[in-house]
Structures are given as structure tokens and as C-alpha cells.
Amino acid sequence: MKILSATQLKIVDALTIERQHISSIDLMERVAKICAERICSQYTADLPVVVFCGMGNNGGDGLAIARLLSEQNRMVQVIVVRHTEHFSADAQVNFDRLPKSLQATLITVRSENDAGQLHIKENTCVIDAMLGTGINKPVTGILETVIHKINSAPCTVISIDVPSGLMIDHSSGELPDACVQADLVLSLQLPKLAYLFPENKRIVPHFECVDIGLDQQALLEQPSPYYFAERQDIAALLVPRNKFSHKGTYGHALLLAGSSGTSGAAVIAAEACLRSGAGLLTVHSTKQTVDALSYRLPEAMTQTDEHDSFITFCDDLSSYRAIGFGPGVGRASETQQLLKSVIQRFQGRLIIDADGLNILAENKTWLEFLPKDTILTPHPKEFERLAGPSDTHFDRLQKARAFATRYACILILKDTYTHICMPDGSVVFNSTGNAGLAKGGSGDCLTGIILGLLTRGYPPPQAALTGTFIHGYTADLCAEMMSQESILITDVIRQLPCAFKQLESTNKFFRS
Ligand SMILES: NC(=O)C1=CN([C@@H]2O[C@H](COP(=O)(O)OP(=O)(O)OC[C@H]3O[C@@H](n4cnc5c(N)ncnc54)[C@H](OP(=O)(O)O)[C@@H]3O)[C@@H](O)[C@H]2O)[C@H](O)CC1
Ligand SMILES: [K+]
């Protein structure tokens, strides 16, 4: 799915009205119907609902939702917050359509005093329909007072389209003073960029995109550098193995990983690589790591470095389709020289992680020589070492885009919604994964998966997208079976076959 700006959403809204020959009031009714159905499916009929409506079209959605919920015999109260003089045309129509029963209990907030008098009862469901994509300045005055009331009330809050008070296209790095803290956001049609920034997690802990049937062609026509990857997007990238093939068809991977005390990183990356389709894998590492691997993973071939504590040298790289460098390698100067020589000599596909990134951060001139489409997988701290500090997450995103473009690399910036920045400036936000992955070894596993896919023959952009998605998806499968608290990275690797199988089941080339 694309992520569009507020201005672009307005254009798509207008084009939908024109091309579907639907009036704006009927489009609003469609939106309200879908949201009301979703609210009914979430909460039992005995939960009272209070709908806070603003004066624009977001308020119009709220007024229509209130009517539709009351037609379903829900206990509904409407509170209109008059932050401007007049309703928008469609909000006015929906205000006039309120049934008498709702008009009789309607509360209008016209002043600070009215706002201060509001009392929101315990165990109610608040529908926040005060401001949506039309917000054009920070919230003050009566809206601010009402928002503080909602945030301090012991109730469940569902925001329609946008938590009132949040600007959707960028981020100042700080939570706005006045912004509804939603439990769930029903985002109309598409996600909004602001929902993907970590600083907004208190305002938008969960969002769901509700399909309101906006014109598909109009959505396609709007240019955007931002995408949100979902299951069907990634399933479509999967390529079946060829019946007439052999191990050579699926390439030979070289993993340069491990040093004294970090054999586990190499073992995890190696196992994840072999579970992600590579035909052959050679791990070049220290004796201790090679011993551990021979015991744990007989499918991997090994080469023992001449140094006991870290890796220093690897002569012939010509037979490998892809190389993974970094998990647990440390930063010894000989290891640094090994990375330099890999960058200089290797013509194939390369992924660099962990200490490999820290070595690059200490030798930034090498970045200019990275083979095209090299994949880098920093976490935020590693990215800061590579590219310097950023004031806000929005700035960091722009910095990551510029970095990927400048060095013609694919930068996977790991976060809750991992950003996959492509050399052309586009960014794909990953939608899978959970806090159970916030553990040592998780990055090694991701490197291994992507190395497996690169070796298997996936072009680097597809390997980056598919690998990141599957890594999170597998962790989500684990979280369904066990607590996030106790997921081990080895559990994730064990579930990889199941994750591939599930994704393959929705790809037409696997169904036969
Ligand atoms: N995306 C779609 O296709 C559809 C979206 N729908 C819904 O419509 C809203 C967007 O509606 P819009 O009327 O453009 O905007 P809002 O309802 O968010 O608010 C506009 C009014 O709010 C005033 N405003 C703006 N900022 C503030 C502020 N900080 N404090 C007080 N008042 C503010 C603004 O007044 P101005 O005089 O400043 O212009 C407007 O009065 C979208 O989010 C969806 O919910 C449709 O239902 C259909 C399809
Ligand atoms: K809202």
C-alpha cells in the first residue's frame, strides 16, 4: 500500500467522487457504515458509546457513525465540539440527519467552561471524530481541553482516520501537547506516515486500515516515495524452486561471521541462511565457531581462519553468489582489512551487518566503494554511527533515504516498522514483527535469512523486502504460540519453514 499525504488524500477523495459518480455525502455514508460495522464487531452492545464530533468532515463521519450505531440499538451520545463557527457542508447534512433520540441528549461544547464541565463515565467507548486529515495547526482552546478530558478518562478510545491533534505527514519528534491517545485508529484506506514513527506509539499503539473503496486508479496516480508492505505484496515476490534443478542452481553463500565468544551469532545466521533457500553455505570463522557449527549444523561447510580469536583472511571469493559479513566478527584491525578486501574484490551480492557496519562507520571512505545494491542492516544506533545523529525520527528517515541514494545501497533501518530504503529514494515500511524480537541474535537471524534469499537468486531489493517481512512474520507466528517474553531466536528459525509455507499458499505459482 502507498502512503499518501493529507493533500494527496484530498485529491483522491475528489477523484473518487468524480469517477465513481458518487456524491460526497454518500461517500461519507459509506465510510461511516464501514466504521460502525467495525466498532460493532469490536464491542458488545451493552457498552455505551460517546461520539465526539468536530466541525469538519471528520466530525461528519462521527455524526453519521453515531446515527448508524443508534440504529443498531447501541447506547449512543453525541458531543459536538464547536471549534469553528460552521459545520462543513456534509457534516451539516449529517447533523440534520441525527434522529430525535440523539438530538435530545446532544451536548454542544462552545466554551472552555463547557469543556471543563464534561464528564466521561468509566467503561464507555469514546469515538474520536473531532479532527482528521484537515488539521492545519497545533490544537489549542476548547479542543485542547476536550482532548485532555478524553485522555484522562478511564475509557476505550477509537479514533476515526486520525487521532485528533496529530499531524500526519511529518513529525516534530515530540508528542503534540494536545492529541488524543487512541487505543485503536481506524485509518481510512491507507496508513499515515506519522503512525510509523516510534515517538507516536502512545498516540497510535494500533491502527487498522479500513477499505473505503477509494478509486484505485486515483491511488495509483499519486506519486509517493513511501509504501507499507503487507502480506500479499510479499507473497507475490516469492519464487518457487524449479523441478529441474540442483544445489548449484540455488547458489553458494559465504558467511564471514563469529569471533572469540560470539560463535552463536555465526550459528544463528548460518542456520537462518540455510532455512531460506541457499543451495550451499560455507562459513568462514574461528576454530571455536567452526567446532560449534559442525556440531549444530552439519549442512554447512566450514573454513577455519588461521587466527584463533577473530577472522583475518579469506582467499578465493569467486565461487560465491552472495556474501554475508558481520555477525559477531568484532572490530580487530585484521578483520577490518578483510572487509576492505571483500568490498574491493567481490563482484556478487553483499550484505553487511553488526560489527561490519561499525567497521564501515570507522572507515567511511569505504562506503563509496560498496558494490551496487549492497544491503546494510543497521539498528538506530549503528545508523547514527554511520550517518550522524538526527533530531527527530522524520529527520532520521530523510537521512536514511539520502544515504541509500548516495551510496547506491539498500539500507534496512531496523525499528518497529523497519524502513527499507532503496537507492531510488523510495522507502518500504515493514508491517510484521513484535517486541519478542527485541533480543540478541535477532539481527543475525535477519542477516542469515537475507543472505539465503540473495544466494537463492532473489535480486537485492526483493531479498531485502522478503527477508525483513518473513523475519517479522515468523516472530508473529511464534508470538501466537508462546509469550513474546520467552521467544528465543532459535524458535524463530525453527518456525521459518512454516512461515514460508503460509506465504507460499497465497502465491498463485505455488498452488498446483
Ligand atoms: N479520505 C477520504 O477520502 C475521506 C475522508 N473523509 C473524512 O474527512 C476528513 C477530512 O475532513 P476535513 O474537513 O478536510 O478536515 P477535518 O475534519 O480534519 O477538519 C477540518 C476543520 O478543522 C478546522 N481545523 C483545522 N485545524 C484545526 C485546529 N488545530 N484547531 C481548530 N480547528 C482546526 C478547520 O478549520 P479552518 O478554518 O482552520 O480551515 C476545518 O473546519 C478525514 O480525516 C476523514 O475523516 C470523508 O468522510 C470522506 C472520504
Ligand atoms: K479523529
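How many bridges join strand β8 to β17, and in which sense do the two strands run? In this predicted model, strand β8 (residues 226-229) is joined to β17 by four bridges, and the two strands run parallel. Within this pairing, F228 has F429 of β17 as its bridge partner.

Strand β17 (residues 427-430) also has a partner in strand β16 (residues 419-421), and here the pairing is antiparallel, over three bridges. I420 is matched with V428 of β17 in a bridge. The hairpin formed by β16 and β17 has five residues between the strands, and in this hairpin G425 takes a positive phi near 95 degrees. It is worth looking at the two sides of β17 in turn. In a regular strand, side chains alternate between the two faces of the sheet. Both faces of β17 are covered: V427 and F429 lie on one side, V428 and N430 on the other, and all of these residues are buried. The bridge partner of F228, F429, thus belongs to one face, while V428, the partner of I420, belongs to the other.

A comparable reading can be made for strand β6 (residues 184-188), where five of five residues are buried. L184, L186 and L188 occupy one side of β6 and V185 and S187 the other, with both faces covered. Strand β5 (residues 156-160) runs parallel to β6 and is joined to it by three bridges. Strand β7 (residues 207-210) pairs with β6 as well, again in the parallel sense, over four bridges. V185 takes part in both pairings: this residue is the bridge partner of S159, and its own partner in β7 is F207.

Attention now turns to the ligand. Ligand 1 sits in the largest pocket. The elements that contribute two or more residues to the shell around ligand 1 are α1 (6-19), α2 (24-42) and α3 (57-71). The greatest contribution is that of α3, with three residues. In total, 23 residues surround ligand 1, and those that come nearest are N58, D61, G132, K137 and D161.

Several polar atoms approach the oxygen atoms of ligand 1. A polar backbone atom of N57 is 2.9 Å from an oxygen atom of the ligand. For N58, an N or O atom of the side chain is 2.8 Å from a ligand oxygen, and for D61 the corresponding side-chain distance is 2.4 Å. Taken on its own, ligand 1 has 950 Å² of accessible area, of which the protein covers 82%.

Technical notes. Residues numbered from 1 in each chain as written. Chains lettered and ligands numbered in written order. Predicted model: local features only at pLDDT ≥ 70, side-chain atom pairs only at ≥ 80, totals over all residues. Heavy atoms only, no water. Buried < 20%, exposed > 50% of the residue type's maximum accessible area, 1.4 Å probe, protein only. Pairing = 2+ DSSP bridges. Near = heavy atom within 4 Å. Polar contact = N/O pair within 3.5 Å; in protein donor to acceptor, adjacent residues only side chain to side chain. Areas by Shrake-Rupley, 256 points an atom, 1.4 Å probe, with all protein chains shown as cover. 1 Å grid on protein atoms, 1.4 Å probe; cavity = no way out; pocket = protein on both sides within 12 Å on 5 of 7 lines; lining within 4 Å. Sits in = over half its atoms within 2 Å of the grid points.
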